[in-house]
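The following note concerns the surroundings of the ligand and one helix. The points are numbered for ease of reply.

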Amino acid sequence: MYPSTRHLRFLFTCLIGGAAMAAPYGVSGLLASPRAEDARRLAAEIVVMKADAEHLYNGKMSKPHQAGLRARLRGAMAIMPLLIRAARRDVPAWPAPDRDRIASLKQALAQGKAPEVLSGLAWLMKTYPFDATGLLPADQRPGAVKQAGNIHENYCAGCHDEPDLDVPRPAWSLIELGKKAPEVEIAARLVIGVRGENMTAMDNPLKDSEMSALIHYYRTHQPETDDE
Ligand code: HEC
């Protein structure tokens, strides 16, 4: 059997709706809470897009990595109206997607107009603000941070500690990110980053408490010098 359009549409609805259903909040909280998963994912995506655009335009990246980042930004922009639609089920007060502005933002991105891209993303950030409650302030309790270190070693280090830089979109070192990026950006990257390759298919498998301690871990952990 091959998937019919109806099957595909059903699957798509599940993917978009799945995040909300899997959110660790009660059903009542889900309807009104500004922290429900789809809303948080949208807002985090925007924070990351802004930070990525800043990296892209500071010109310090290799050409292939620039291309990879541009592709990632394009992908996120392409589904922005859908992300907003899903988020508004969590936060009805958030405005519907402004299609004109999103279209001109897409165009600015395609044409490499840095100031327009950055100001467009700043506008999105203000319109759909990221709430890091539950992640920040980072959990600094030694037990939690030790556990975060174990999570990192067991599940993340394999790809992230010595990334393959020959691909357009490397799994950048999270420990280095922790030393360079503001906490809010690390939090946002964790919210959307831990999900495999696909934009929407997989929910973040980490609990808020684990991400919170990971933030402190990445900010403070010193990488071992590599002399095996
Ligand atoms: C199978 C390899 C793999 C594993 C395992 C993995 N990641 Fe990733 N991760 C990636 C790749 C590849 C990217 C870059 C994706 C992209 O640019 O689209 C990424 C991106 C990220 C990002 C976003 C970074 C950014 O530049 O925005 C975060 C945060 C992240 N991963 C956290 C984690 C954490 C935490 C774990 C462990 C719980 C983990 N990852 C496990 C491969 C992996």
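1. Which element gives the most to the shell around the ligand? Helix α8 does, with 6 residues. The coordinates under review are those of a predicted model, and the remarks below should be read accordingly.

2. The ligand has 16 residues around it, and those that come nearest are C156, C159, R169, A171 and G193. Two elements, α8 (142-160) and α10 (183-193), each give two or more residues to this shell.

3. As to the chemical character of the shell, its residues comprise 10 nonpolar, 3 polar and 3 charged.

4. Helix α6 (residues 99-110) has the length that its residue count implies. With 12 residues at 1.5 Å a residue, a span of 16 Å is expected, and the C-alpha atoms at its ends are indeed 16 Å apart.

5. Which residues of α6 are buried? They are L105, A108 and L109. Viewed down the helix axis, the buried residues of α6 fall within an arc of 100°, and therefore line one face of the helix. In general, an α-helix has 3.6 residues a turn, so residues three or four places apart point the same way.

6. The other side of α6 carries the exposed residues R99, D100, A103 and A110. Cover for the buried residues of α6 comes from elements including α4 (63-78) and α7 (114-127).

7. A backbone detail follows the helix: just after α6, G112 adopts a positive phi of about 65°.

Definitions and conventions. Residues are numbered from 1 along each chain as its sequence is written. This is a predicted model: local features need pLDDT of at least 70, side-chain atom pairs count only at pLDDT 80 or more; totals for chains, interfaces and linings use all residues. A residue is near a molecule or strand if its C-beta atom, placed from the backbone, lies within 6 Å of it. Helices (H or I, at least four residues) and strands (E, at least two) are DSSP runs, numbered from the N terminus. Ala, Val, Leu, Ile, Met, Phe, Trp, Tyr, Cys and Pro count as nonpolar, Asp, Glu, Lys and Arg as charged, and the others, Gly among them, as polar. The expected span of a helix is 1.5 Å times one less than its number of residues. A residue is buried if 20 or more other C-beta atoms lie within 10 Å of its own, exposed if 12 or fewer, and partly exposed in between; C-beta atoms are placed from the backbone. The arc is that of the directions from the helix axis to the C-beta atoms. Two residues are in contact if their C-beta atoms, placed from the backbone, lie within 7 Å.
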